[in-house]
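Open the structure in your viewer and keep the sequence panel visible. This tour gives a selection at each stop and then says what is there.

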Amino acid sequence: QWLASLDERFLSRLRTVGLANGVGVTRTTLGGFLDRAMRMLNVKLSTATFYGHTARNLLDYFTAGRLLGDITEADTDGWRSWLTDNQGLSHATVARRVVATRTLWRMAVRWKLAARNPFDGVRGGSQQNESRKRFIPADTINRILDACPDAEWRLLIGLSRWGGLRCPSEHLALKWQDVDWDRGTLRVRSVKTEHRDGHAVRVVPLFPELRRLLLIAFENAPDGAEHVISRYRDATVNLRTQFERLIRRAGCEPWPRLWQNLRASRETELMRSYDLATVCKWIGNSPEVAAKHYAMSTD
């Protein structure tokens, strides 16, 4: 308590010799902390982008110069309401950003930059948005496949709808050597889960619909082709925009989360015929995630 009452000039001298570590935490600004925290995050690019949006929301509401120690529980409740009322974010997005902020503040407490986590009691809510879930039936997919310009576009769609692959990361990592025609399997490299033990690679069956599309693409592949998807590897190509055009060309209406719902539709189908553990092994998620974010009821 005595150390905390000292001015910053004297505290900095004591910290230099290790006598006041963690003291004076209320002088840490939100901007300074977030800058340090974002540089320390060891996550995938998409996750880092999400944390970046969360940090921006915090800075917009509290300002960069706000001291961490001055942010109260009442302030954090106000921040959550602001996300919904002023930013127009969905309840699921607000819930995810509340959870992300709790994680960031736990870092501040662990680093002794904050004495407590005022976001611990903030209501998170459900992180899933049921209104964005869509089951895409097979006849709809077949109509869209007929509207595709080439075999690779049909395969891009088929890998997600019939194989349950994540687009585009798992599609672009797929090589022809990963296709075992005799055993009827496909070896899938997962960029998203490769940092977890035993989750870098999974094996997916060559379901009849998927095998047919792969065979056609293989026959049309140039000699010596290494990757299954070779024409659409440009990172600047917006697959989502092109996919929407194909859907409309087929006389259908684009659905939310275009690629995610293809994957979820396949997992929902497979759950009807196979045990949950096996399906999750093929799709590459946990039973908890499958039940919460993928499984859908159908007519």
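## Stop 1: a residue on helix α2

Select M40, which lies in helix α2. The model is a predicted one. Is M40 buried or exposed? Its relative accessibility is 51%, and exposed means over 50%, so M40 counts as exposed.

Now show what surrounds M40. Leaving aside neighbours within four places in sequence, M40 is in contact with M107 and W111. Add M107 to the selection: its C-alpha atom and that of M40 are separated by 10.0 Å, while the two residues are 67 residues apart along the chain.

Next, colour the rest of α2. Its buried residues are L30, G31, F33, L34 and A37. These residues cover an arc of only 160 degrees around the axis, which puts them on the same side of α2. R39 and M40 are exposed on the other side of the helix. What covers the buried residues of α2 includes α3 and α5.

Before leaving α2, select R36 together with W111. The charged end of R36 sits over the ring of W111, 4.3 Å from the ring's centre.

## Stop 2: helix α3

Select residues 45-62, which make up helix α3. The helix has 18 residues and reaches 25 Å from its first C-alpha to its last, close to the expected 26 Å.

Which residues of α3 are buried? They are Y51, T54, A55, N57, L58 and F62. Look down the axis of α3: the buried residues fall within an arc of 155 degrees, so they line one face of the helix. The face turned away from that buried side carries the exposed residues L45 and S46. Show α2 (30-40), α4 (73-85) and α5 (91-110) as well, since what covers the buried residues of α3 includes these helices.

Move one step past the end of the helix. T63 follows α3 and lies in the loop between α3 and α4. T63 is not a glycine, yet its phi is positive, about 80 degrees. With a relative accessible area of 44%, T63 is partly exposed.

## Stop 3: aromatic rings

The structure holds 16 aromatic pairs. Select W79 and F119 to see one of them: the ring centres are 5.5 Å apart, the planes are at 90 degrees, and the pair is edge-to-face. W79 lies in helix α4 and F119 in the loop between α5 and α6, so the pair ties together parts that are 40 residues apart in sequence. Both W79 and F119 are buried.

Add F33, W105 and W111 to this selection. Ring pairs link these residues with W79 and F119 into a cluster.

Now select W176 and F218. Their ring centres are 5.0 Å apart and their planes are at 70 degrees, so this pair is edge-to-face. W176 is in the loop between α8 (169-173) and β1 (179-180), F218 is in helix α9, and the two are 42 residues apart. At 10% relative accessibility, W176 counts as buried. At 42%, F218 counts as partly exposed.

## Stop 4: the nonpolar cores

In soluble globular proteins, nonpolar side chains tend to be buried together. The largest nonpolar core here has 43 residues. Select I144, W153, L155, I157, L186, F243 and W259, the members that touch the most others. Several elements give two or more residues to this core, including α6 (138-146), β2 (185-189) and α11 (258-273). Which element gives the largest share? Helix α7 does, with five residues.

Centre the view on I144. Not counting residues up to four places away in sequence, I144 touches I157, F243, L246, I247, A250, C252 and W255. A second, separate core has 25 residues, among them I71, V98, A100 and A108.

## Stop 5: three last selections

Select C167 and P168. The peptide bond between them is cis, with omega near 5 degrees, and P168 is in the loop between α7 and α8.

Select R257, in the loop between α10 and α11. R257 has a positive phi of about 45 degrees although it is not a glycine. Its relative accessible area is 23%, and R257 is partly exposed.

Finish with R266 and F207. The charged end of R266 sits over the ring of F207, 4.4 Å from the centre of that ring.

Methods. Residues are numbered from 1 along each chain as its sequence is written. Side-chain values use heavy atoms; hydrogens and water are left out. Helices (H or I, at least four residues) and strands (E, at least two) are DSSP runs, numbered from the N terminus. The expected span of a helix is 1.5 Å times one less than its number of residues. Buried means under 20% relative accessible area, exposed over 50%, partly exposed in between (1.4 Å probe, protein chains only). The arc is that of the directions from the helix axis to the C-beta atoms. Contact means heavy atoms within 4.5 Å. A nonpolar core is a set of buried Ala, Val, Leu, Ile, Met, Phe, Trp, Tyr and Cys residues joined through side-chain atoms within 4.5 Å. Rings of Phe, Tyr and Trp (its six-membered ring) pair if their centres lie within 6.5 Å; planes under 30 degrees apart count as stacked, over 60 as edge-to-face and the rest as tilted. A charge sits over a ring if NZ of Lys or CZ of Arg is within 6 Å of the ring centre and within 35 degrees of the ring normal.
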